[in-house]
Amino acid sequence: MKSQNLGSGVVRSDLEMSDGRTIRYYDSKGQVRSAKDLREKEEQPGIGELRLDPLVNEWVVMASHRQSRVFLPPKELCPLCPTTSELLTEIPDSNYEVVVFDNRSPALRAPIGDWALPDLVGPDTDAGTAAGKCEVICFTDSHGGSFKDLSERQVLTLLEAWKDRTRELSKLPYIEHIAPFENRGEEVGVTLSHPHSQIYAYSYIPARVEKMLSAAQDYNLSTGKVLFDDVVAREIRDGERVIAKNEHWIAFVPYAARYSFEIHLAPLTPVADLSELSDEASAAFPSIALEITRRLDGVFGIEMAYIATWHQAPVREGRDLLRLHWQITSVRRAPGKLKYLAGSESSMGAFIMDLRPEQSAEQLRQVKL
Ligand SMILES: [Zn+2]
């Protein structure tokens with residue numbers, strides 16, 4: 001076992017799984033991790049393909065090897081619960097705080113040997129291999145748990161794990177962009193109901209980040225300023241869409257939100273990515289993160305399906321122009337009503353918002369905690 005002290009009193013211990021993957025335990029209470037993975041050794045799945053959609057110059061990952069992955073297993077067969085005498089799971093120990101390991105059916109994986117993206121030559125662009133990393137982060141060993149039900153201590157340990165993964169994945173030569181996210185609810189395509197977060201580390205800059213980078217570059221060229229900083233300044237000035245604030249963070253429904261319930265949480269001292277967050281900003285994250293996720297569930301008094309994603313600057317490009325922020329979008333617009341990405345959104349990328357963001361912010365603020 002290899003151990004390492006991280007910030008906020010978190011210790012990381014690495015162990016090898018039976019198929020050669022690494023499981024990293026992030027602990028805050030001095031736990032010693034030594035449980036062995038007793039499962040049979042399994043073949044690692046193959047690597048997928050990257051194909052260019054030349055009409056928009058966007059990469060599409062072909063990951064057909066993932067079709068056979070487990071789909072919504074019952075609790076007794078949950079691979080993300082700790083191991084018991086009845087079931088050997090992905091986590092060999094009988095309990096955990098936070099664990100991180102490579103996804104068993106990754107869409108992106110480490111390439112063999114030297115790797116480069118193919119040159120873009122329209123429809124003649126070669127296919128590439130889908131290089132990258134897909135990691136699973138389990139942040140509670142309670143199967144029926146939820147992010148909003150964590151303690152502040154647990155959220156801080158999770159934040160240290162996100163920071164650690166960002167630092168480490170940034171060192172890989174084939175990684176260009178790192179996106180930690182959580183899908184919650186079957187409505188957004190969750191295939192394992194045990195609450196968990198994931199990290200996609202891409203070997204290219206994803207389309208939306210490319211677009212954000214280009215907007216930030218244009219703005220910087222014409223004003224000399226950083227676009228995201230001015231966006232936050234505007235939200236503070238307007239005030240009516242702000243839903244929570246503390247000394248280090250601000251949460252707001254953005255001026256041009258696309259979903260009825262969309263919340264952005266940004267540090268007040270801007271940074272490029274999680275690895276740059278100060279100890280003070282880290283310590284102030286759990287309380288506001290829990291507050292806004294509780295407000296979200298409080299709006300209709302039901303568990304809201306959501307996607308919560310960390311936007312970070314790419315690993316090598318635009319470090320001074322793109323800023324860290326956490327974006328939560330819910331597909332629910334009312335009890336019994338979901339937002340589907342239909343004709344306008346899916347085909348044209350033209351969003352129609354069903355509620356004024358000011359009204360959505362007011363509903364979120366009104367929630368009694
Ligand atoms: Zn479970």
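Which exposed residues does helix 2 carry on the face turned away from its buried side? The answer is best reached by way of the sheet and helices of this predicted model.

The sheet is open and comprises 12 strands, paired in the antiparallel sense and ordered 1-2-3-6-8-10-9-14-15-13-12-11. Its edges are formed by strand 1 (2-5) and strand 11 (242-245), each of which pairs on one side only. On average, and with direction ignored, neighbouring strands of this sheet are turned by 20 degrees against each other. One of the pairings joins strand 3 (residues 22-27) to strand 6 (residues 98-102), antiparallel over 4 bridges. Within this pairing, Ile23 stands opposite Phe101 of strand 6.

Helix 4 (residues 279-298) packs on the sheet, where it touches strand 11, strand 12 (249-252), strand 13 (261-267), strand 14 (306-311) and strand 15 (325-330). The direction of helix 4 makes about 170 degrees with that of strand 13.

Helix 2 spans residues 207-223, and its 17 residues reach 24 Å from the first C-alpha to the last, close to the 24 Å expected at 1.5 Å a residue. Val209, Met212 and Ala216 are buried in this helix. Seen down the axis of helix 2, the buried residues fall within an arc of 60 degrees, and therefore they line one face of the helix. The elements that cover these buried residues include strand 9 (177-184) and helix 3 (227-238).

The opening question can now be answered: on the face of helix 2 turned away from the buried side, the exposed residues are Lys211, Ser214, Asp218, Leu221 and Ser222. Helix 2 is followed by Gly224, which has a positive phi, near 80 degrees.

How values were computed: Residues are numbered from 1 along each chain as its sequence is written. This is a predicted model: local features need pLDDT of at least 70, side-chain atom pairs count only at pLDDT 80 or more; totals for chains, interfaces and linings use all residues. Two strands pair if DSSP finds at least two bridges between them. Helices (H or I, at least four residues) and strands (E, at least two) are DSSP runs, numbered from the N terminus. Axes are lines fitted to C-alpha atoms, for helices over the stretch in contact, and angles run from 0 to 180 degrees between N-to-C directions. Two residues are in contact if their C-beta atoms, placed from the backbone, lie within 7 Å. The expected span of a helix is 1.5 Å times one less than its number of residues. A residue is buried if 20 or more other C-beta atoms lie within 10 Å of its own, exposed if 12 or fewer, and partly exposed in between; C-beta atoms are placed from the backbone. The arc is that of the directions from the helix axis to the C-beta atoms.
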